[in-house]
Structures are given as structure tokens and as C-alpha cells.
Amino acid sequence: MQLNVAGKRCHVGTGGKPVDPACAPYPPLLLVHGAANDRDCWRRVAGGLSAAGCALLVPDLPGHGLSAGPALRSVEELADWLPALLDAVGVERAVLVGHSMGSLVTLECAARHPQHVSQLALLGASAPMPVADALLSRATTHPDSVVRMMTEYSHTLQFLLTGGGGHGVWGPGVTLAIMRRSPPGVLAIDLANCNDYARGLEAAAQVACPTLLLVGRRDRMTPRRNLPPLQAALRQFIRVEIADCGHAMMNEQPQAVVDNLLSFLASTATPPAVPAAAKPDR
């Protein structure tokens with residue numbers, strides 16, 4: 001669906017059905033993509049979540065996919081944009097699910113706007129999330145070489161060789177195609193956003209809601225060894241690792257992502273309030 005968010009056109013996927021929180025088992029899930037990606041990176045995960053009855057909001061961030069630009073130039077700006085999106089849809093609270101750069105955006109949003117966040121899921125996360133200087137410069141001058149390298153490092157070797165399940169589809173090519181179609185300049189802006197975001201641990205310490213850290217055990221982009229500072233800063237979290245999985249977990253192991261998100265939601269959902277019994281008339 002098309003929305004007007006902060007005066008700009010925004011394209012939002014909903015899993016093929018209207019967003020109706022009253023008919024869903026949990027608050028709507030707001031799925032936030034990573035650098036040089038768009039809503040389509042969530043396609044297989046969104047299908048599984050929708051089939052389980054979840055209400056979904058899967059936006060193209062500003063300047064990405066079919067959403068109007070410009071791309072926002074800081075994680076903090078993107079974090080403030082998410083509540084504007086929820087307001088445009090008429091949703092008060094949501095489960096924030098972010099991947100890679102999106103994990104930084106949702107982390108910051110949960111710290112800045114806790115009234116809008118019921119639960120938080122960070123996929124492929126690291127705080128801080130430094131990017132090599134050579135990669136930052138080449139993202140401007142040679143973006144295609146950077147997206148090809150990111151595609152290689154985002155998947156396990158096994159998936160690079162055989163991923164896609166046959167049928168003439170090369171699994172990592174999905175990741176590559178999505179990044180290749182991002183508008184000019186967006187890759188460099190997004191990587192700079194990741195590199196420049198310095199308050200991740202401070203934000204983590206402010207997050208009050210239940211948090212899931214979903215980790216690809218063979219992630220080379222945000223490897224497991226980077227997680228201890230983030231874990232130490234979070235007040236309450238559940239950490240789950242997906243075996244034989246790289247950074248692009250929604251492409252490589254979509255069912256595992258769906259299953260772990262649903263398990264997390266079921267274990268941390270706040271039970272509905274039970275109305276007090278009416279006092280009998282005397």
C-alpha cells in the first residue's frame with residue numbers, strides 16, 4: 001500500500017492482507033530492512049509470518065525501493081521516521097524487527113520511542129557496526145563491486161554454491177539483485193549510517209522491552225564475536241543462533257527466522273488485561 005509519511009510517498013507491504021491488529025495474535029510486526037535493500041528482502045519471511053496470522057508492516061525506507069527520497073542520512077533520523085509511519089497507519093504499538101542496518105534503526109527507535117514498541121528483534125546485529133574505509137569510499141566510486149562483495153560475505157559458502165533449492169534460481173542472486181536496484185548513492189549513505197552510529201550501546205541500555213538477538217552462526221558481516229558488548233548493555237534479551245547460516249538469514253534460512261520470531265513472540269507476549277468482575281447491585 002502507498003502512504004504519506006512525513007510528507008513523502010512511502011510504499012509498505014502488508015503480507016497480502018489488511019493491517020488489523022484486532023485480528024492478530026500480537027501487535028503488528030514492523031520489518032525494517034538493511035543497507036541498500038528494500039521490503040523484498042523480507043518476502044519469504046513475511047509470507048510465513050502472515051500465514052501464522054501476524055499483521056505486518058514491511059516498508060521501503062525513504063529513498064529505497066518504491067518509497068520517495070531522499071534517503072535519510074543517520075540512524076537517528078530513520079529511528080524517528082518509524083513512529084511517523086506507525087501514525088500514518090494508525091498503529092499505536094508494534095513489534096520492531098530489524099536486520100543489519102535495520103537492527104540499529106529499530107534499536108534506536110526502541111530507546112527513543114518506547115511507547116511505540118512492545119518487543120524488539122535484532123537480526124544480524126552489532127553495536128557498533130564499523131565499515132572499512134575502503135568499502136565506504138568504493139561504495140561511492142564502484143558500488144557494484146561493493147554489492148558483489150557484500151553478497152559473497154552475506155552467505156555461507158554452501159549457500160553460495162548450491163543455495164536456491166534448484167529450479168534455475170541462484171539463491172544469493174536474490175540478495176544481489178535487490179541491492180543492485182537500489183537508487184544511485186543509497187549504498188554509500190546507508191554504509192555511512194552504519195559506520196557513523198555511535199550510540200548503540202547507550203540505546204541498548206535504555207531499551208526496556210523484551211529483545212531477541214537472532215544470530216547466524218556463520219555470519220561474516222556481523223560475526224558472533226562482536227555481540228558481547230551489546231548483550232551486556234541490554235536489560236533483557238534472548239539470544240538464538242541459526243546453525244549453518246550467514247548474515248542474509250531471511251534469504252538463506254527464512255523458515256528458521258519465522259520459527260524463532262514466532263517462538264519469541266509467544267514467550268514474551270503480554271497477556272490481555274482481564275476486566276474486573278462487575279460488582280452486583282445492592
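1. Let's start at the end of a strand: glycine 216 stands opposite isoleucine 242, a residue of strand S8. Please keep in mind throughout that this is a predicted model. Glycine 216 is one of the residues that point away from S7 on the side of Leu212 and Leu214. The pairing around this spot is parallel: 6 bridges join S7, residues 211-216, to S8, residues 237-242. Another pair in this set is valine 215, whose bridge partner in S8 is glutamate 241.

2. S7 has a second neighbour that is worth finding on your screen. Strand S6 runs parallel to S7, and 4 bridges join the two. To locate this pairing, look for alanine 121, which has leucine 212 of S7 as its bridge partner. S6 itself covers residues 117-123.

3. How many residues of S7 are buried? The count is 6 of 6, which leaves the strand mostly covered. Both faces take part: Thr211, Leu213 and Val215 point one way, Leu212, Leu214 and Gly216 point the other way, and all are buried.

4. Now follow the chain onward from S7. Together with helix H10, residues 228-233, and S8, strand S7 makes a β-α-β unit, and this unit is right-handed. The loop between S7 and H10 holds methionine 221. Methionine 221 has a relative accessibility of 33%, so this residue counts as partly exposed. Met221 also joins Met149 and Tyr153 in a nonpolar surface patch of about 250 Å².

5. S8 brings us to charged side chains. Arginine 239 and glutamate 241 meet through their side chains in a salt bridge, with 2.5 Å from N to O. Are these two partners buried, partly exposed or exposed? Arginine 239 is partly exposed, its relative accessible area being 31%. Glutamate 241 is partly exposed as well, at 24% relative accessibility. Recall that this glutamate 241 is also the bridge partner of valine 215.

6. Elsewhere, salt bridges that share partners form one network, made up of Asp80, Glu108, Arg112, Arg199 and Glu202. Within it, the side chains of glutamate 108 and arginine 112 meet at 2.8 Å, N to O. Both residues belong to helix H3 and sit 4 residues apart, about one turn of the helix. Their surroundings are worth checking one by one: glutamate 108 is buried, with a relative accessible area of 0%, whereas arginine 112 is partly exposed, at 35%.

7. In total, the structure holds 14 salt bridges. One that a newcomer may enjoy tracing is between the side chains of arginine 181 and aspartate 38, at 3.0 Å from N to O. Arginine 181 is in the loop between helices H7 (171-180) and H8 (186-196), and aspartate 38 is in the loop between strand S3 (29-32) and helix H1 (43-51), so this pair ties together parts that are 143 residues apart in sequence. Arginine 181 is partly exposed, with a relative accessible area of 47%. Aspartate 38, in contrast, counts as buried, at 3% relative accessibility.

8. Next, a look at helix H12, which covers residues 254-268 and includes threonine 268. Which side chain does the side chain of threonine 268 contact? The partner is the side chain of glutamine 119, in a polar contact of 2.9 Å. Threonine 268 has a relative accessible area of 17%; the cut-off for buried is under 20%, so threonine 268 is buried.

9. One last stop is proline 114. Where does proline 114 lie? Its place is in the loop between helix H3 (101-112) and strand S6 (117-123). Proline 114 counts as partly exposed, with 42% relative accessibility. As a distance to check for yourself, the C-alpha atoms of proline 114 and glutamate 92 are separated by 11 Å, while the two residues are 22 residues apart along the chain.

Definitions and conventions: Residues are numbered from 1 along each chain as its sequence is written. This is a predicted model: local features need pLDDT of at least 70, side-chain atom pairs count only at pLDDT 80 or more; totals for chains, interfaces and linings use all residues. Side-chain values use heavy atoms; hydrogens and water are left out. Two strands pair if DSSP finds at least two bridges between them. A crossover is right-handed if, with the strands pointing away from the viewer, the path from the first strand over the helix to the second runs clockwise. Patches are made of residues with over 30% relative accessible area and no salt bridge: like charges are joined within 9 Å, nonpolar side chains (Val, Leu, Ile, Met, Phe, Trp, Tyr) within 5 Å. Accessible areas come from the Shrake-Rupley method with a 1.4 Å probe; for residues, only the protein chains shown count as cover. A salt bridge is a side-chain nitrogen of Lys or Arg within 4 Å of a carboxyl oxygen of Asp or Glu. Buried means under 20% relative accessible area, exposed over 50%, partly exposed in between (1.4 Å probe, protein chains only). A polar contact is a pair of N or O atoms within 3.5 Å; within protein, one must be able to donate a hydrogen and the other to accept it, and residues adjacent in sequence count only if both atoms are side-chain atoms.
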